Amino acid sequence: LRDLPDGKHSEEVEAKLKELVAEINDWNDACVNNIKSGFITFLSNHPNSSFEQACKDKIDSLDYVDALSANTVEALQMYVNSHPDGKYVDEAEQAQTNIASMKVQPAEASTIKSVCSQFFTSLTSTVAAVMDNFLNKHNATHSDVIVFANKLTAEMHNAVFTINNDYKIRKVKTDTDAFSFDVTFSVDGNASTHDGQEKVMTYFVTARIN
């Protein structure tokens, strides 16, 4: 246009220039906003753009980040299905394997529930000789548990604990590549005070079982 402002192709070239400028501006806007819908709109508005591969790479990356954030096998599989040749397929498949290994299996859940139930049936026969932490006391022994149990019975008698089936169990990987389990659940306690009054309490329990 500078060399031949009145050339017979000047109008055609000027239109092409405007098209390229608009394409670059749209690309810059999509990159600044950095959302998937913006890149999809760019591809729709500018087919065969020189930015096409870069745009597809951006969409690939955003979909992978979203799948990782969801942190579910289903979300990661959706990424793999949507991008079979994507840059992060290997990472997504490894992440799926990692998530699956952290899923609490039915047998594990059954064992944990049994341990929690036994704890309220017979404290001292259930717990280890030394617990890492019992009611904020570190390295608690059987004697510490007995002191707690005696304190309860001093305040009330005929105590009956009913464990509610509202377990939430999360598998946690330890430094030694073993697993422990963070557990929360609630317990209803029903007892009589020494003056004959009925006392009902709901306790919220947190435990780490290894």
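Me: What makes E108 and K171 a salt bridge?
Reply: In this predicted model, the closest N and O atoms of E108 and K171 are 3.1 Å apart. The rule asks for a Lys or Arg side-chain nitrogen within 4 Å of an Asp or Glu carboxyl oxygen, so the pair qualifies.

Me: And what makes this a link between distant parts of the chain?
Reply: E108 sits in helix 6 (residues 106-121) and K171 in strand 4 (residues 168-173), with their positions 63 residues apart in sequence.

Me: Why is K171 called buried, but E108 partly exposed?
Reply: K171 has a relative accessible area of 9%, and buried means under 20%, so the label fits. E108 comes out at 23%. The partly exposed class runs between the 20% and 50% limits, so that is where E108 goes.

Me: How many salt bridges are there by this rule?
Reply: The count comes to 7. Some of them join up: R170, D182 and R208 are linked in a network.

Me: How do you know that E19 and K16 are about one helical turn apart?
Reply: They are 3 residues apart in helix 1. An α-helix has 3.6 residues a turn, so residues three or four places apart point the same way. The side chains of E19 and K16 meet in a salt bridge, at 3.4 Å from N to O. Each of the two has a value of its own: E19 is partly exposed at 43%, and K16 is partly exposed at 43%.

Me: What about K56 and E52, which helix holds them?
Reply: Helix 3 holds both, 4 residues apart, about one turn. Their salt bridge has an N to O distance of 3.1 Å. K56 has a relative accessible area of 41% and E52 has 26%, so with limits of 20% and 50% both count as partly exposed.

Me: What makes up the largest nonpolar core?
Reply: Ten names go on the list: Y64, A67, A75, L76, Y79, V80, V89, A92, A95 and I99. Helix 3 (52-70), helix 4 (73-82) and helix 5 (89-101) each give two or more residues to this core. Apart from it lies another core, of 9 residues, including C116, Y167, V183 and F185.

Me: Which residues does A92 touch?
Reply: Leaving out residues up to four places away in sequence, A92 touches Y64, L76, Y79 and V80.

Me: How do you know that the buried residues of helix 4 line one face?
Reply: The buried residues there are A75, L76, Y79 and V80. Looking down the axis of helix 4, they fall within an arc of 140°, so they line one face of the helix. That buried set packs against helix 3 and helix 5.

Me: What does the face of helix 4 turned away from its buried side carry?
Reply: The exposed residues E74, M78 and N81. Exposed means over 50% relative accessible area.

Me: Which residues make the nonpolar surface patch?
Reply: L1, V13, L17 and V21 make the patch, which covers about 310 Å². L1 comes from the segment before helix 1 (10-33).

Me: Why is L1 called partly exposed?
Reply: L1 has a relative accessible area of 42%. Exposed needs over 50% and buried needs under 20%, so L1 belongs in between. A patch residue needs over 30%, so L1 meets that cut-off too.

Definitions and conventions: Residues numbered from 1 in each chain as written. Predicted model: local features only at pLDDT ≥ 70, side-chain atom pairs only at ≥ 80, totals over all residues. Heavy atoms only, no water. Patch = residues over 30% accessible without salt bridge, like charges linked within 9 Å, V, L, I, M, F, W, Y side chains within 5 Å. Areas by Shrake-Rupley, 256 points an atom, 1.4 Å probe, with all protein chains shown as cover. Buried < 20%, exposed > 50% of the residue type's maximum accessible area, 1.4 Å probe, protein only. Core = buried A, V, L, I, M, F, W, Y, C linked by side-chain atoms within 4.5 Å. Contact = heavy atoms within 4.5 Å. Arc of directions from axis to C-beta.
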